[in-house]
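Reader: I am in my first year of study and should like to look closely at one part of a structure. Could you please take me through the four-stranded sheet and what lies around it?

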Amino acid sequence: MRSDVKSELIRIVGAQRATDRPEDRVAYSYDAYTREHLPDIVLFPLTTREVSAVMKTAFRESVPVTARGSATNLAGEAVPLRGGIVLALSRMDRILSIDAENFRAVVQPGVINHDFQTAVGRLGLLYPPDPSSWMVCSMGGNVCTNAGGPKTVKYGVTRDYLIGLTVVLANGEVLDVRETHFRNGSGYNLTHLFCGSEGTLGIITEITVRLVAKPKATRTLRADFPNLEDSGKAVADIIGSGIVPSALELLDDVVISAVEADAHLGLPPDVEGILLVEVDGEPESLDPQVNRIENVLTANHAVRVIAAKDDAEAQSLWTARRAAFSVMSRLRPTVVMEDATVPVSNLPAMIRKVRESANRHGVRIGVVAHAGDGNLHPLVVFDKRDEEEVERVQRATEEIYREALALGGTLSGEHGIGISKAGLLTLQLDPVAMAVTRAIKQGLDPKGILNPGKFI
Ligand SMILES: Cc1cc2nc3c(=O)[nH]c(=O)nc-3n(C[C@H](O)[C@H](O)[C@H](O)COP(=O)(O)OP(=O)(O)OC[C@H]3O[C@@H](n4cnc5c(N)ncnc54)[C@H](O)[C@@H]3O)c2cc1C
């Protein structure tokens with residue numbers, strides 16, 4: 001980047017909120033995937049106006065800009081693949097308003113999901129999208145990946161709660177699509193266009209979301225299965241019977257033993273799969289749901305079904321699920337969490353295919369899943385410095401995604417495409433869909449400066 005352009009950018013945000021020190025550039029060169037690339041400069045704007053001024057300069061000079069929330073994405077979406085500017089939104093971290101009467105809130109993109117959940121929870125409200133990374137991931141990142149989480153099976157994903165955005169476009173213009181009413185039938189849904197766009201269409205600087213009333217009670221069950229495919233069948237049967245749990249998560253034996261070795265939560269050593277099931281609602285509505293779920297679990301050969309005695313016990317079960325990625329990352333130098341998603345009735349078949357691919361290519365893969373909506377996260381552990389092992393991992397994961405598509409599924413349930421699956425996107429989108437995708441990108445980012453090298 002030319003030094004005069006750099007100086008202009010530093011003047012916009014101020015020297016305190018800009019850095020091009022080598023160690024900072026390294027810190028902002030990677031995310032939770034395996035790739036890295038150095039940016040030329042990292043900027044920390046505080047306002048929409050500053051973001052707009054940065055984009056005007058970047059547009060004039062054709063400098064690449066990669067927006068960054070907390071960099072927890074698992075597909076290389078926040079890696080500044082062509083250098084240029086990393087626009088770190090982490091300091092735009094204010095909750096601007098919570099309107100409890102009208103069930104809505106406005107936040108800046110750097111607000112951490114869990115902080116927001118806590119703030120609305122104090123008012124008896126719930127913001128359901130709850131990625132397992134909620135302690136650290138940002139609301140802006142959640143919008144741009146259309147994040148889901150354990151509660152998705154009942155409540156839906158980020159898109160279902162998004163009602164307005166302020167977006168700085170590639171040329172620095174500010175697009176305000178904040179909805180003033182829940183019902184709006186005027187024109188294209190521009191808000192949703194930016195949801196899941198992985199920073200390739202604009203920089204989000206304000207987010208308006210819908211809230212719901214917090215359920216009065218929850219119950220959590222753990223079911224242990226000697227056979228993993230039976231646990232997948234139980235999931236399909238629970239959903240197929242019309243019960244809607246508020247969470248339905250799966251852990252396989254590879255993950256169970258890694259969690260147990262690390263956290264000593266008393267998980268059983270002798271099973272291939274654990275299901276965590278949560279129901280929520282009015283207190284009196286829960287017993288009948290729990291009874292029906294227990295029947296389905298037992299009919300599918302669960303050897304134990306244990307109800308959490310209290311909130312602390314339930315939380316310890318959820319800790320086991322949320323810890324999966326970090327404990328697996330201690331097994332080998334590299335861990336990648338994949339994101340194949342299939343119709344829930346095909347969950348047992350998909351689980352089988354993952355295991356077959358792992359065995360065929362000699363790759364170690366654990367599985368966790370937002371099982372209630374068929375969203376499987378094969379956790380692949382390896383050493384990215386070993387080229388031969390990397391090749392085997394690539395063969396196994398490509399096979400897994402091809403199987404997911406063959407079973408009527410998708411390449412991503414929630415993590416997005418980023419760098420990791422850019423080469424596979426044409427397997428899912430036909431040439432017409434690809435052409436429409438490119439036309440949208442070209443229309444909004446004619447110089448291709450927004451997060452270049454990602455999914456398109
Ligand atoms: C342990 C672990 C568990 C996870 N569990 C889940 C899960 O349950 N569900 C789930 O959906 N994901 C999960 N993830 C993935 C990740 O946390 C989500 O994708 C999350 O939404 C990313 O948020 P972030 O703030 O880290 O965004 P980043 O990683 O910083 O960015 C993600 C993308 O959004 C873009 N972006 C970020 N902010 C903006 C902005 N303001 N304007 C424009 N573009 C922007 C970036 O350029 C990038 O393309 C998990 C990750 C980890 C490490």
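Author: The answer below begins with the whole chain, turns to the requested sheet, and then follows the chain outwards from there.

The model is predicted, and for that reason local features need pLDDT of at least 70, side-chain atom pairs count only at pLDDT 80 or more, and totals for chains, interfaces and linings use all residues. Residues are numbered from 1 along each chain as its sequence is written.

The chain has 16 helices and 18 strands. Here helices (H or I, at least four residues) and strands (E, at least two) are DSSP runs, numbered from the N terminus. The C-alpha trace spans about 70 × 60 × 45 Å along its principal axes. For 456 residues, a compact globule would have a radius of gyration near 23 Å, and the 22 Å of the chain agrees with that. This radius is taken over C-alpha atoms, and the globule rule is 2.2 Å times the number of residues to the power 0.38. Of the 456 residues, 49% count as buried. A residue is buried if 20 or more other C-beta atoms lie within 10 Å of its own, exposed if 12 or fewer, and partly exposed in between, with C-beta atoms placed from the backbone.

Now to the requested sheet. Four strands form an open sheet in the order 1-2-4-3, with mixed pairing. Two strands pair if DSSP finds at least two bridges between them. At the edges are strand 1 (18–19) and strand 3, each of which pairs on one side only. Strand 1 runs antiparallel to strand 2 (residues 41–43), and two bridges join them. In this pair, alanine 18 stands opposite leucine 43 of strand 2. Helix 1 (residues 3–13) packs on the sheet, where it touches strand 1, strand 2 and strand 4 (85–88), and its direction makes about 15° with that of strand 2. Contact means that the C-beta atoms of two residues, placed from the backbone, lie within 7 Å. Axes are lines fitted to C-alpha atoms, for helices over the stretch in contact, and angles run from 0 to 180 degrees between N-to-C directions.

At the other edge, strand 3 and strand 4 run parallel and are joined by four bridges. The bridge partner of arginine 68 in strand 4 is alanine 88. In a regular strand the side chains alternate between the two faces of the sheet. Strand 3 is covered on both faces: Val65 and Ala67 on one side are buried, as are Thr66 and Arg68 on the other. Helix 3 (residues 48–61) lies across strand 2, strand 3 and strand 4, and runs at about 170° to strand 4.

Strand 3 also leads to the ligand. Strand 3 (65–68), helix 5 (139–145) and strand 10 (203–210) each supply at least two residues of the shell around the ligand. Helix 5 gives the most, with five residues. In total 36 residues surround the ligand, and the closest are Gly69, Gly140, Gly141, Cys144 and Gly199. A residue belongs here if its C-beta atom, placed from the backbone, lies within 6 Å of the ligand. The shell divides into 14 nonpolar, 17 polar and five charged residues. Ala, Val, Leu, Ile, Met, Phe, Trp, Tyr, Cys and Pro count as nonpolar, Asp, Glu, Lys and Arg as charged, and the others, Gly among them, as polar.

Strand 10 offers one residue for a closer look, valine 209. Valine 209 counts as buried because it has 25 C-beta neighbours inside 10 Å. Not counting residues up to four places away in sequence, valine 209 touches Arg104, Ala105, Tyr127, Tyr161, Leu162 and Ile163.

A second sheet may be set beside the requested one. Seven strands form an open sheet in the order 15-12-14-13-17-18-16, with antiparallel pairing. Strand 15 (304–307) and strand 16 (334–337) stand at its edges with a single partner strand each, so one side of each is left without a neighbour in the sheet. Within this sheet, six bridges join strand 13 (residues 247–252) to strand 14 (residues 273–281). Helix 9 (residues 253–263) lies across strand 13, strand 14, strand 17 (364–370) and strand 18 (375–382), at about 85° to strand 13.
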